[in-house]
Amino acid sequence: MEHYSVWNRIYEYIDPIAFEVFNINVHWYGIMYVGAMLIALLIAKAFVKYQPKRFPITQELLDSFFIWVEIGVILGGRIGYVLIYSPQRWEYLLQPWQMFNPYEDGVFVGISGISYHGAVSGFVIAAILFCYFKKQPFWVFMDLSAISIPLGYVFGRLGNFFNHELFGRVIETDGISAKIGILVNGELRYPSQLFEAFSEGILVFLILFWLMRYVKKPGALLVAYGMLYSLARFICEYFREADVQMGYYNFGLSMGQILSFVMFAMSAVILMLIYQKPTLFLPQNKGAKK
């Protein structure tokens, strides 16, 4: 039998279920998801506190904004997954309430399947509605979100890793690649979830944090985040196994890469908008700090 290191066999030591409460299994992914939200909120609060000129937002407004967009993330992420990835999409569309039903045959199984790009769409829609009804500066809130989300995103990808999901592609070579591989059903696969946690989370945050000194125009940080994330995701998808029900498309691209390309293109459009129509979504700034 081939010798594998402790790292290669790490899934033997990680149970996706963290603990049980009243016969309900609490998964690491759920814990990490909550952690991601809280980290993003805490980072946003820190930027609002220490950079009030860049982000003239009260803590009360930030809390309210967080509730609005989190609802958008949950709805958008789940609906996006159903529409894009789920083979049962038509059944869900006929019974849409089932998308959020955590029970199956009377047994609590939780809700699985969240699309990042769907979550982003829900986030943006909720943010637009919030800024419209609260008469707040949309681009300022978007820039704050752009710098706050990446480190929270790290927890989301760690949740995927602990939950034994979104595996990497099979490693077909020896050497360094084999040493970092994770055994999944007897096959060594890239730890793509960790690649994504680092590149789409930590690396994107560090670059955005550096760019903050030079990028001052409202909305520019949002554009930078969209482009950086899209690029990092596109590259990481070469190490991640495509969803079984989706497979690969033209030029061997995965759905994640196609959506990342679309996100990059939309970020470029937004870049043109904020420079050609800088007052778009910035009609008023009532309720902000002076």
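1. Where is the place of Asn185? Asn185 sits in the loop that joins strand S5 (182-184) to strand S6 (187-189). The structure discussed here is a predicted model, and the backbone at this position deserves a comment. Asn185 is not a glycine, yet its phi is positive, at about 55°. Most residues other than glycine have a negative phi. As for its surroundings, Asn185 has a relative accessibility of 77%, and because exposed means over 50%, Asn185 counts as exposed.

2. A second residue belongs under this heading. Phe251 is a residue other than glycine with a positive phi, near 65°. Phe251 is found in the loop between H8 and H9. Is Phe251 buried or exposed? The relative accessibility of Phe251 is 81%, so Phe251 counts as exposed.

3. On the overall fold: the protein contains 9 helices and 6 strands. Its C-alpha trace extends over about 70 × 45 × 40 Å along the principal axes. The radius of gyration is 20 Å, and this agrees with a compact globule, because a chain of 290 residues would then be expected near 19 Å.

4. On contacts and burial: among contacts with a separation of 6 or more, 71% are between residues 24 or more positions apart. Of the 290 residues, 43% count as buried.

5. Helix H4 covers residues 116-134, which is 19 residues. How far does H4 reach from its first C-alpha to its last? The distance is 26 Å, close to the 27 Å expected at 1.5 Å a residue.

6. H4 also contributes a set of buried residues. Aromatic names in that set include Tyr116, Phe123 and Phe130. Gly118, Ala119, Gly122, Ala126 and Ala127 are buried as well, and His117 and Cys131 complete the list.

7. Which helices do the buried residues of H4 pack against? The partners are helix H2 (59-84), helix H5 (138-162), helix H8 (220-236) and helix H9 (255-276). Two of these names return from point 2, where the loop between H8 and H9 holds Phe251.

8. On the surface and charge: the accessible surface comes to about 16100 Å², and carbon and sulfur atoms account for 68% of that area. The protein carries 22 positive and 20 negative side chains. The centres of the positive and negative sets are 20 Å apart.

How values were computed: Residues are numbered from 1 along each chain as its sequence is written. This is a predicted model: local features need pLDDT of at least 70, side-chain atom pairs count only at pLDDT 80 or more; totals for chains, interfaces and linings use all residues. Side-chain values use heavy atoms; hydrogens and water are left out. Helices (H or I, at least four residues) and strands (E, at least two) are DSSP runs, numbered from the N terminus. The radius of gyration is taken over C-alpha atoms; the globule rule is 2.2 Å times the number of residues to the power 0.38. Buried means under 20% relative accessible area, exposed over 50%, partly exposed in between (1.4 Å probe, protein chains only). Contact means heavy atoms within 4.5 Å. Accessible areas come from the Shrake-Rupley method with a 1.4 Å probe; for residues, only the protein chains shown count as cover. Lys and Arg count as positive and Asp and Glu as negative; His and the chain ends are not counted. The place of a charge is taken as NZ of Lys, CZ of Arg, CG of Asp or CD of Glu. The expected span of a helix is 1.5 Å times one less than its number of residues.
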